[in-house]
Amino acid sequence: MARLDDVARDKLPDRAFAYVDSRGNRRLPIHDEAHVRNALARFDQVRFEDEAAKDRARKRLLAAAKRYGIVPVGFVDRQLRTRGHEAAAGRLVVELGRVDDLAGLQSRLRAELADPSLEVCEWSEANGAYLSADGQPASMPAAGEGRAVTLIDRHGRPMAALVHDPATLRDADRRRAVVAAVRPAVENIRLQAGAGAAADRASKLPGGAVTLLMSDIEGSTAIVEALGDRFASVLTEVRAIHRAAVRRAGGHEVDARADEYFAAFEQPVAAFAAAIAIVRGMAARRWPDDRTMRVRIGIHHGRPTRSDDGYVGLAVNTTARICAAGHGGQILVSRVARDAAEVAPMDARAGPKRESTQRLRPLGRYRLAGIHRPETIFQLEADGLDADFEALRAPTVDGP
């Protein structure tokens, strides 16, 4: 087939193409026999705007094939099989959307695909591994073990895996249809489980005046780009360090999303102890490519409102702004949190004691984004922690 250069292509009318999208982009030239045959072979590789556009292009292509005496047996067979699988996928989406958990999804898929050995495994960021329907770590079969694995992702991140008989999803169209149906089903299960877990966790959070701690990883975007898939295991380790420190200090996890972590404490000194342990824990680990991984931490004291999934209110916003003003390895504390720690010191029965080397150094008054009143900020210091940092990422306020 002679190559269609840009000049020749531009001279062709729109009717010489099987597909012209809404922006005028023209695909699948059908002006001669060779290009019609090429369009028949490439039709399934084109991304159409919608099914109506795909149907119109299909009709124009078949008309062109008839005009040149081409009998597109293979093309018609593929389209019929694709349409059949698309219809099956639509039905499967509805069916799988009714299941409430991974075990139910696995049972339904076994029946639909006539594969009683099929297993559905869900990716767990916290564990850095796939978990089976009963919540246990699942190992993926190696080549030659007589089992096949179909991986399902979401925006490039692992989501689920189907372990099955190799014959079950050997047909590519059937495999695409099943993946298209399983993905929203797993999302729905995750949403339901997340909502239930969040509500249960929120009901156990302390009410009244609490001390809030927020952290995030410094330069996380660059780290994600550099580590790629390895960032998932790094994030799992970072969260493990946070959770261990918060648990030892008697705190409560409120939320953990992306590289951010949110916890609450009934006493300020407990939050101070957790923050110090987190920074020390991060410094003690060896990270991939010998990278320096540091978190910045903000601590504030207030009376947030409990919601279905945690806390809301000005105290939460203030804590987030204090955290954002800092640098990796730095712990920033509001005046309110400092004052609360001074008037309500903890004893051995109530929780961790204040370290003898622990100190709060005043850094000045700052204007925090979205917070009406200026905030006096202190830096929490202790043995083993860096004490010298650049100026805070917030404008200073002069005067009273």
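## A guided tour, loop by strand by helix

Start by selecting Asp289, which sits in the loop between α9 and β10. Its phi is near 60 degrees, a positive value in a residue other than glycine. Keep in mind throughout that this is a predicted model.

**Stop 1: strand β7 and its partners**

Now select β7, residues 210–217. How many of its residues are buried? Here 8 of the 8 are, so the strand is largely enclosed by the rest of the structure. Colour the two sides separately and you will find both covered: Val210, Leu212, Met214 and Asp216 are buried on one side, and Thr211, Leu213, Ser215 and Ile217 on the other. The pattern follows a familiar rule: in a regular strand the side chains alternate between the two faces of the sheet.

Next, bring in the neighbouring strands. β7 pairs with β10 in the antiparallel sense over 8 bridges; to find your place in that ladder, look for Thr211 opposite His301 in β10. The pairing of β7 with β9 is antiparallel as well, over 6 bridges, and there Leu213 has Ala263 of β9 as its bridge partner.

**Stop 2: Phe265 and the largest core**

Move on to Phe265 and show its surroundings. Leaving out residues up to four places away in sequence, Phe265 touches Val210, Thr211, Leu213, Val246, Ala249, Gly251, Ala270, Ala271 and Ala274. Which members of the largest nonpolar core touch the most other members? They are Phe265, Ile297, Ile299 and Ile331, out of 38 residues. Helix α9 (residues 268–284) gives this core its largest share, 10 residues. There is also a second, separate core, with 20 residues; among them are Val99, Leu109, Leu169 and Ile189. As background, nonpolar side chains tend to be buried together in soluble globular proteins.

**Stop 3: helix α10**

Select residues 314–325, helix α10: its 12 residues reach 17 Å from the first C-alpha to the last, close to the 16 Å expected at 1.5 Å a residue. The buried residues here are Ala315, Val316, Thr318, Thr319, Ile322, Cys323 and Ala325. What do they pack against? Show β7, β9, β10, β12 (310–312), β13 (331–334) and β15 to see their packing partners.

**Stop 4: Glu381 in β15**

From that list, follow β15 (residues 375–381) to Glu381. Is this glutamate buried or exposed? Glu381 counts as buried because its relative accessibility is 6%, below the 20% cut-off. Apart from neighbours within four places in sequence, Glu381 is in contact with Thr357, Gln358, Arg359, Arg361 and Ala387. Try a distance label to Arg361: the two residues are 20 apart along the chain, yet their C-alpha atoms are separated by 7.4 Å.

**Stop 5: helix α5**

Jump to residues 102–113, helix α5. This helix has 12 residues and spans 16 Å from first C-alpha to last, close to the expected 16 Å. Select Leu102, Leu105, Gln106, Leu109 and Leu113, the buried residues of α5. Turn the view to look down the helix axis: these residues fall within an arc of 100 degrees, so they line one face of α5. The geometry behind such a face is simple: an α-helix has 3.6 residues a turn, so residues three or four places apart point the same way. One of the buried set, Leu109, is also a member of the second core you met at Stop 2. Just after the helix comes Ala114, with a positive phi near 55 degrees.

**Stop 6: the β1–β2 hairpin**

Now go to β1 (residues 17–20) and β2 (residues 26–29), an antiparallel pair with 3 bridges. Val20 stands opposite Arg26 of β2. Among the 5 residues between the strands, pick out Gly24, where phi is positive and near 90 degrees. Then step along β2 to Leu28. Leu28 too has a positive phi, about 60 degrees, although it is not a glycine, and at 2% relative accessibility Leu28 counts as buried.

**Last stop: aromatic rings**

Finish by showing the aromatic side chains, which form 4 aromatic pairs. Trp123 and Tyr130 make one that is edge-to-face, at 5.0 Å centre to centre with 75 degrees between the planes. Both Trp123 and Tyr130 are buried. Then select Tyr19, Phe43 and Phe48, which form one aromatic cluster.

Terms used:
Residues are numbered from 1 along each chain as its sequence is written. This is a predicted model: local features need pLDDT of at least 70, side-chain atom pairs count only at pLDDT 80 or more; totals for chains, interfaces and linings use all residues. Side-chain values use heavy atoms; hydrogens and water are left out. Helices (H or I, at least four residues) and strands (E, at least two) are DSSP runs, numbered from the N terminus. The expected span of a helix is 1.5 Å times one less than its number of residues. Buried means under 20% relative accessible area, exposed over 50%, partly exposed in between (1.4 Å probe, protein chains only). The arc is that of the directions from the helix axis to the C-beta atoms. Two strands pair if DSSP finds at least two bridges between them. A nonpolar core is a set of buried Ala, Val, Leu, Ile, Met, Phe, Trp, Tyr and Cys residues joined through side-chain atoms within 4.5 Å. Contact means heavy atoms within 4.5 Å. Rings of Phe, Tyr and Trp (its six-membered ring) pair if their centres lie within 6.5 Å; planes under 30 degrees apart count as stacked, over 60 as edge-to-face and the rest as tilted.
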